[in-house]
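The following exercises concern the structure shown below. Each task is followed by a solution in steps.

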Amino acid sequence: MQLSCPKCHYPLNHPFGLTIVESECSGCFTHREKDTINWNDRYSQLESLVKKYKKHSGKYDCVVPVIGDAEDYFTLFNVLKLGMSPLVVCVNDYFKNDIGWYNLHQLITHFDVDSFTFNPDMRVYKDLVRTSLRKHNHILLPFLQLHTSFPIHVALERKIPLIIWGQNQTVEQVGMYSHLDSVEMSRWNRRQHNLFNFEVDDLIGNGAQVDLRHLNYYQYPEIDKLFRNNVRGIYLSNYMRWDPLAQNQAMVEYGFQPESNNASFDVYERAGSSVYYQLHDLLKYKRVGYRKISDHVAREIRHGRLTSEEGISLITKYTNNKMYIKPFFDWLGVTKSGYDWFKMHRLKDYNHLISESTENIEGLISLYNSLDNMLVKGKEINDSFVVFGKGL
Ligand SMILES: [Zn+2]
């Protein structure tokens, strides 16, 4: 059993870094700020901050990076409420299922915003995913590289001075900074936290056989270029009382479609991904020793919707739930023998969590009343790994 916070059970080896202060972790400590901060004041500060950027010069006054998640609905809703004129930018991770594409299209049409989706060169992307899996046990790093850098390139190229993100994970998950620090997006922050200290250079060289000129959008723009063009990125979670489960639940009203998964009770976060609660969760378990359920349990304990005992019980139950990972290897073009080799050598301690079909995967776990009324029934998917979404 690894060391964890006595209150929220978050493991101390969290990749962002977690510290214990007296009898709680830095995440719990910072979370308590939410009950003392004057959020009306913070929102006023946000209003005056964005005011400077409104109708800056061109058609758009901010870039909003999205993947089609419930949080993106909430972020976009608030950006529009602030009176901003956003350009919505999505990077295709090629991992969306039919629900994922539905949610992205619904987001764009419901809020009636201009948007575009960047489809990275598939061969290069798969090469990077393959190398990332081999070297770092991580299949989302190439996407995270693009998701955290492509929108910045767009802002620079189109001279849009502001980028608006939803939550700052380092504050919300591990409490590395106070909300009042108003931490902004930076190359350092991106590298240290979003990318777990990897840059795209770590995925090339003796790894992927990729031509450097294909990697421009994977790399963060030069800092002095951003300064010269006054491009900055802010997080709404520093200015609003952030409560993901409640916020995401409310987004169903705007047509967001939740998806059931058997790795967590949360049907909203990353609904629509073919890998997030499957192989990505298994690799997370292998890398850091805990699964996504621990993130959700810590969050709900802090928000007072789960007791400590309920949290432990949910972590124990979900951590043993099986997953079906073969479709990812098919997507990557790995042969059956390659898949068997990977399971035998790289996942040898985790074979009890791997199912060879969707049939013997345990169903959903019955929940506690405090959570149950926050959750709607998620939809079942029809198609996974839909690489390009259907047009509207
Ligand atoms: Zn804690």
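Donors are N, O and S atoms within 2.8 Å of the metal (3.2 Å for Na, K and Ca); water is not among the atoms, so sites may look incomplete. The model is predicted: local features need pLDDT of at least 70, side-chain atom pairs count only at pLDDT 80 or more, and totals for chains, interfaces and linings use all residues. Residues are numbered from 1 along each chain as its sequence is written, and side-chain values use heavy atoms, with hydrogens and water left out.

**Exercise 1.** Determine which residues coordinate the zinc ion, and with what spacing along the chain.

Step 1. The SG atoms of Cys 5, Cys 8, Cys 25 and Cys 28 coordinate the zinc ion at 2.2 to 2.3 Å.
Step 2. Along the chain, the donors follow the spacing C-x2-C-x16-C-x2-C.
Step 3. Four donors count as tetrahedral if all angles lie between 85 and 135 degrees. The angles here are 105 to 115°, so the arrangement is tetrahedral.

**Exercise 2.** Establish where Gln 106 lies and whether Gln 106 is buried or exposed.

Step 1. Gln 106 belongs to helix α4 (residues 98–110); helices are DSSP runs (H or I, at least four residues), and strands likewise (E, at least two), numbered from the N terminus.
Step 2. Buried means under 20% relative accessible area, exposed over 50%, and partly exposed in between (1.4 Å probe, protein chains only). Gln 106 has 19% relative accessibility and therefore counts as buried.
Step 3. Leaving aside residues up to four places away in sequence, Gln 106 touches Tyr 73, Phe 111, Tyr 254 and Gly 255, where contact means heavy atoms within 4.5 Å.

How values were computed. Tetrahedral: all angles 85-135°; square planar, octahedral: opposite > 155°, others 65-115°.
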